[in-house]
Amino acid sequence: MNPIANAKKQTTFAPMAKLFLRKKIADRVINGHPWIFGNELGDTDGEFNPGDIVDVFSYNGSFVGRGYVNPASQIRVRLLTRKKEEVIDDAFFLRRISEAWQYRQQIGYIENCRLIFGEADQMPALVIDKFNDYFVIQTLALGMDKFKPAIVSALNTIFKPKGIYERNDVPVRTLEGMEQIKGFLSDPFDTNIIINENGFRFHVDLVNGQKTGYFLDQQDNRRAIKNICAGANVLESFCYTGTFSIHAAGYGAKSVTGIDISDNAVQTARRNAELNGLDNICKFETVNAFDVLKLWVKEGRRYDVVMLDPPAFTKSRENIQNAVIGYKEINLRGMKLVKPGGFLVTASCTNLVTPQMFLDTIAMAAKDAHRTLRQVVWQTQSADHPILWNIPTTQYLKFLIVQVL
């Protein structure tokens, strides 16, 4: 067994230092946002090391919260609690993860779900995805990474899982002064698993798949295409491992074409089609969507349903306009491929593109395509990725179905 899974219990991370907010800061922190940037901090009382627990106070000495600090990060402190009496120890993580699991069960997520969604579960920079009896962890900040033994211990206590895997091969960790790593946090196990979603089965590669191996945030949205796909000829662009395509075929589509630039993803999509007995309906091709959609518009191809689920177009504010241009272009081409009266299914996971910005971009694309849109479905990520209104970044996914007239 990995030593992390056998870490001693009741490790306490007592605050060693006090940090004080400047007098004039944004109301964001006071109103509950857990991030405190370096330019919002003034005096310090006591010493600390990167990743330590610190107490944060207002300029006049009132307690604000307790969290972990990293001078190397632009986000200097991430708060874990606003309760002065709450101790950060193994019991804290056991309690928080138990509460998160209770919430998921209450809203109907039992088998597969995002168990911990960072700030939305009051555990900043922590992601835990549950794939039935297997768990994938991401600790994306130095302070949270130090708590990994406590987190693994909590998972073992609550779930007694068949396996836990670490997917910390993400560039954001370098901003915290950490290396990118991945590996087992339990006894080794076969990381190519099969999960059930909405009555369909999917291969998941926990080691090499995107993010934690699978995009759980669209599981509710995939159900939303059921009625529009019956008897339809469907095109899914940016299909990845074919999850929307499999749903479309299973919901009665006449034919489904899925395209993606990754040949590995396309190969997995074909395996998923075979796994569900839908390979006679689903066909997948390895192509560049931006190139081929433009060509197919010129060729006059038309579909009853076109689905677009591209990766994030930008992660920096400097490139937001380029992302908007990209979304407009891809949706313009998608609309031109939809038969009159057919449907466009489109999504954006770019956090910096706001819901209104996304809708405005779709409207501009419709204007340029000379098509009228009728809204059918407008929603966000699945509810196991909860949204806190005082933390806008917890809402990132935009999902839209429109009829294209």
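**Exercise 1. Work out whether C229 is buried or exposed, then see how the cysteines pair up.**

Step 1: C229 has a relative accessible area of 0%, so C229 is buried. Here buried means under 20% relative accessible area, exposed means over 50%, and partly exposed is in between (1.4 Å probe, protein chains only). A quick note before going on: this is a predicted model, where local features need pLDDT of at least 70 and side-chain atom pairs count only at pLDDT 80 or more, while totals for chains, interfaces and linings use all residues. Residues are numbered from 1 along each chain as its sequence is written, and side-chain values use heavy atoms, with hydrogens and water left out.

Step 2: Look for disulfides, meaning pairs of cysteine sulfur atoms within 2.5 Å. Searching the whole structure turns up zero of them. For C229, the nearest cysteine sulfur belongs to C282 and is 10 Å away.

Step 3: Try C239. Its nearest cysteine sulfur is that of C282, 9.6 Å away, and C239 is in no disulfide. With a relative accessible area of 2%, C239 is buried.

**Exercise 2. Find where A230 sits and what A230 touches.**

Step 1: Place A230 in the loop between α6 (226-229) and β14 (233-237). Helices (H or I, at least four residues) and strands (E, at least two) are DSSP runs, numbered from the N terminus.

Step 2: Check accessibility. A230 comes out at 49%, so it counts as partly exposed.

Step 3: List the contacts, which means heavy atoms within 4.5 Å. Leaving out residues up to four places away in sequence, A230 touches Y251, G252 and A253.

Step 4: Now take D260, 30 residues from A230 along the chain; the two C-alpha atoms are separated by 23 Å.

**Exercise 3. Track down which residues pair with R96, D133 and K148 in salt bridges.**

Step 1: Set the rule: a side-chain nitrogen of Lys or Arg within 4 Å of a carboxyl oxygen of Asp or Glu. That gives a count of 20 salt bridges.

Step 2: R96 meets E86, at 3.5 Å from N to O. R96 is in helix α2 (residues 90-106), while E86 is in the loop between β6 (75-81) and α2, 10 residues apart. R96 and E86 are both buried.

Step 3: D133 pairs with K162, and their closest N and O atoms are 3.7 Å apart. D133 lies in the loop between β8 (126-131) and β9 (134-139), and K162 in the loop between α4 (148-159) and β10 (163-168), so the pair ties together parts 29 residues apart in sequence. D133 is partly exposed at 29%, and K162 is exposed at 55%.

Step 4: K148 goes with D145, with closest N and O atoms 3.5 Å apart. Both K148 and D145 are buried. Shared partners join D145, K148, E166 and R173 into one network of salt bridges.

**Exercise 4. Describe the surroundings of R371.**

Step 1: Find R371 in the loop between α11 (355-369) and β19 (373-379).

Step 2: Look for a charged partner. R371 is buried yet has no salt bridge, and the nearest side chain of opposite charge, D304, is 10 Å away. For charges, Lys and Arg count as positive and Asp and Glu as negative; His and the chain ends are not counted.

Step 3: See what R371 does touch: not counting residues up to four places away in sequence, its contacts include M335, K336, V404 and L405.
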